[in-house]
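Work through the exercises below with the sequence and the model open side by side. Try each task before reading its solution.

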Amino acid sequence: MMSGNNSGDDRSEPDATRRGLLRAAAGATAVGAASAAGCLAVTTPADIAAENEVSGNVDRLVGPGWLADNRADVVVLDARDADGFRRERIYGARRVPLDAVSAQVPGEGGLVPDTDAIAGAFGDLGVSPDDDVVVYGASVGSRVTRVAFALAALGHAGDVRVLNGGFGGWNGRVGTGSRDRVSPVDYDPDTDASAWVTREWLAERVGSFNGDGPGLVDTRVPEAYLGAAGSDALDPDHDRHGHLPGAVNVDWTGNVSGRRMTDPGDLVRLYEVEAELDRDSTVVVYGDGNVDPTSTWLTLTALGFEDVRVYDGGFGEWTNVEDDRGRHPVETATNVVIETDGSVGGGGGGGDFSCTG
Amino acid sequence: MSDGPSRDLTRSPTRGSSGDSSRGRVVAVPCEGEDVLALFALATGEPLGDVPVGSHPVHATTRRGRTFVATMGDRAVTAVDPNGEVTRIETGVLGPSHFAAANGELFVSCSAGDALAVIDPESLALVDRIAVGAEPHEVAVAPGGRRLYAGSRRDGVVDVVDPVAHERIGSIGIGDGARVQGVAVSPDGSRGYAVDQSSARIVAFETDTAADPDTAPAPAPAPDPDPILGAAAVGADPYDLVVTADRVFVPGRGDGVVHEFDRDLGLVAVHEGFARPVDLFRIGDDWWVLDAAAGRLRSLAGAVVETPAPGLVATPVREPTRSDRLVVSHYDDDRISLVDVDDGAVWTAETPAYPFGSVVV
């Protein structure tokens, strides 16, 4: 389901924990004095929180300061794995299981989000459709963005925001241990099918992508996009390797710099200048599964793209389609690989940074 | 069609008469470097104009009075009417390169994808796409048009396609890591041949075209090594091949040789002394070799005719009153020439950049 993207360039020390930062903070007073004398420097939790504040014309992302100011008014969702959640979390946060929010069912035109299952999962967490929500993880990686996308697919009426910098940027109250008890609710979704597209939707538009038709972004690593023979990036379960005809390749890890969202100016350059996507038109994103591409979905949405959709079935569904593969062709050559220099930090993924939230 | 030349196309002095049968005929040359179809009078080499056709045109064919151009840089082919009207036909998949005609339709290998696009040359519409091995290149047509054989440059297979049903009905494994460039079928349709560029060999395989289509079961689509009849080593970096009733010729571009086999791939001769042989043409009683690194045609019997520059692609010009002549595309020199093996170059004309596979309209 998830791609093997592992840029692994984790400059933010994957093992750093909240306690480690607190230890640094404990010494900050004395060291800070020394720093003032020009002898030493130390990064405090306040510094880290400040680094993760969000400025500029960016939607959906908020910094630790915003969350601290609005903590009482929002439901905080933790997208990390269970171990990280138990160890430490934002106080009062509720953990969202990734498998629940990435559930799929076969639809008329291919795989689609299982909105019933997803709604049930949020309902079990006591999330109501009109709750304002902040999602966080170890960074702003694809686990976090999948949760945000899942809410969008449900037509969530409340605001959905993502914490820039992830848990490492939070310097407020923390919780630990077993999850807090919540009262389940009946989440009645107002499903927004325009959040995703199906295999059939794409098949009808083959030949038009990034031309007369919608924009199409392949969010995988370039080796997978090009079907590079012998590459570890190729999924052995795929019958064919390559990409959907006309898709432009922008590796999703370019959306993330350490634990933070990449500088918005760089992202605008990446997507609007280099990839030549039109913010006023429909743009579809896809990957091997339905988790990683949601990073690009959120990024483009945050930048103000008007109509961004996820191909939830992903390349795996497309390439292994049983019938009429001529209608579902795969290309292996192109010249539109966009170079990125992103890194997804934050750890918590057992060494696989692809889905660390 | 444009009203006149879009650039200053000059021609060298005519060195021979073209004969009456050449009059009114036009040489159409896709010029990959400038995205045009350049037109020349066959009789004189006089430039007649350029037609914009899309990105990276490489090969052309004619059907029902129209010229179809494969534009590898597009997801489309271009049709040019005799009156000059240009129609773009979407293939949906990048890299249209080679044409094959069967069942009244055109089949175009989409070499950057994994499909043959099926085009109706009358309605100028995409009819279908047929899934084949990745990066299909050359497509051979069995006698009578009952089967197509498409070589995959990436999956090491030759796919067998039913052109009526628009279905891949079988796939012949040519070998692990094989990069299938040229594919051809013998004139009687009983066997096919594939050039594996990566291993520098030729592979013979059995075809099913002798079977009754009503009773013969369709083979499974998975690669099946059973149809392989044999294989033989050829010169380095082979690309294309020529198959006759009793001979198979394979130029080895890398080491300047042409291997000659019998139909069972028994070696008959290795012809040496070429610079970069790329193709062979039967003219009169001899086989003439086109050389991409030497400005000459040389026959297997040793005769030589000088050409204005090395030639990458050539198109035979059939005329009832004389031996075939060749329109040679001098790819690296931006010229074409009409070459008579008895008289040398009849005319030479400058072209837009990188002239490729021409057709005579």
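The exercises go from whole chains to single elements and then to the contact between chains.

The model is predicted, and local features need pLDDT of at least 70, side-chain atom pairs count only at pLDDT 80 or more, and totals for chains, interfaces and linings use all residues. Residues are numbered from 1 along each chain as its sequence is written, and chains are lettered from A and ligands numbered from 1 in the order in which they are written.

**Exercise 1. Describe the secondary structure and burial of each chain.**

Step 1. Helices (H or I, at least four residues) and strands (E, at least two) are DSSP runs, numbered from the N terminus. Chain A has 13 helices and 18 strands. Chain B has 0 helices and 32 strands.

Step 2. A residue is buried if 20 or more other C-beta atoms lie within 10 Å of its own, exposed if 12 or fewer, and partly exposed in between, with C-beta atoms placed from the backbone. In chain A, 52% of the 357 residues count as buried; in chain B, 54% of the 361 residues do.

Step 3. Two residues are in contact if their C-beta atoms, placed from the backbone, lie within 7 Å. Of the contacts in chain A between residues at least 6 apart in sequence, 80% join residues at least 24 apart. In chain B, residues 24 or more positions apart account for 47% of the contacts with a separation of 6 or more.

**Exercise 2. Find how helix α12 of chain A is placed against helix α8 of chain A.**

Step 1. Helix α12(A) covers residues 293-302, and 10 of its 10 residues are buried. G304(A), with a positive phi near 100°, follows α12(A).

Step 2. Helix α8(A), residues 142-153, packs on α12(A) at an angle of about 65°, with the axes 8 Å apart. Axes are lines fitted to C-alpha atoms, for helices over the stretch in contact, and angles run from 0 to 180 degrees between N-to-C directions. Therefore α8(A) is roughly perpendicular to α12(A) (angles under 35 degrees count as roughly parallel, over 145 as roughly antiparallel, 65 to 115 as roughly perpendicular and the rest as oblique).

Step 3. From α8(A), the contact uses S142(A), T145(A), R146(A), A148(A) and F149(A); from α12(A), it uses T294(A), S295(A), W297(A) and L298(A).

**Exercise 3. Place strand β21 of chain B among its partners.**

Step 1. Strand β21(B) spans residues 248-252, and 5 of its 5 residues are buried. On one side lie V248(B), V250(B) and G252(B), on the other F249(B) and P251(B). In a regular strand the side chains alternate between the two faces of the sheet.

Step 2. Two strands pair if DSSP finds at least two bridges between them. Strand β20(B), residues 242-243, is joined to β21(B) by 2 bridges and runs antiparallel to it. V242(B) has F249(B) as its bridge partner, and the hairpin between β20(B) and β21(B) passes through 4 residues.

Step 3. Strand β22(B), residues 257-261, is antiparallel to β21(B), with 5 bridges between them. V250(B) is opposite H259(B). This hairpin also has 4 residues between its strands, and G256(B) in the turn has a positive phi of about 70°.

**Exercise 4. Give the make-up of the contact between the chains.**

Step 1. Chain B contributes 18 residues and chain A contributes 15 residues.

Step 2. On the side of chain B, strand β11(B), residues 125-131, gives the largest share, 4 residues.
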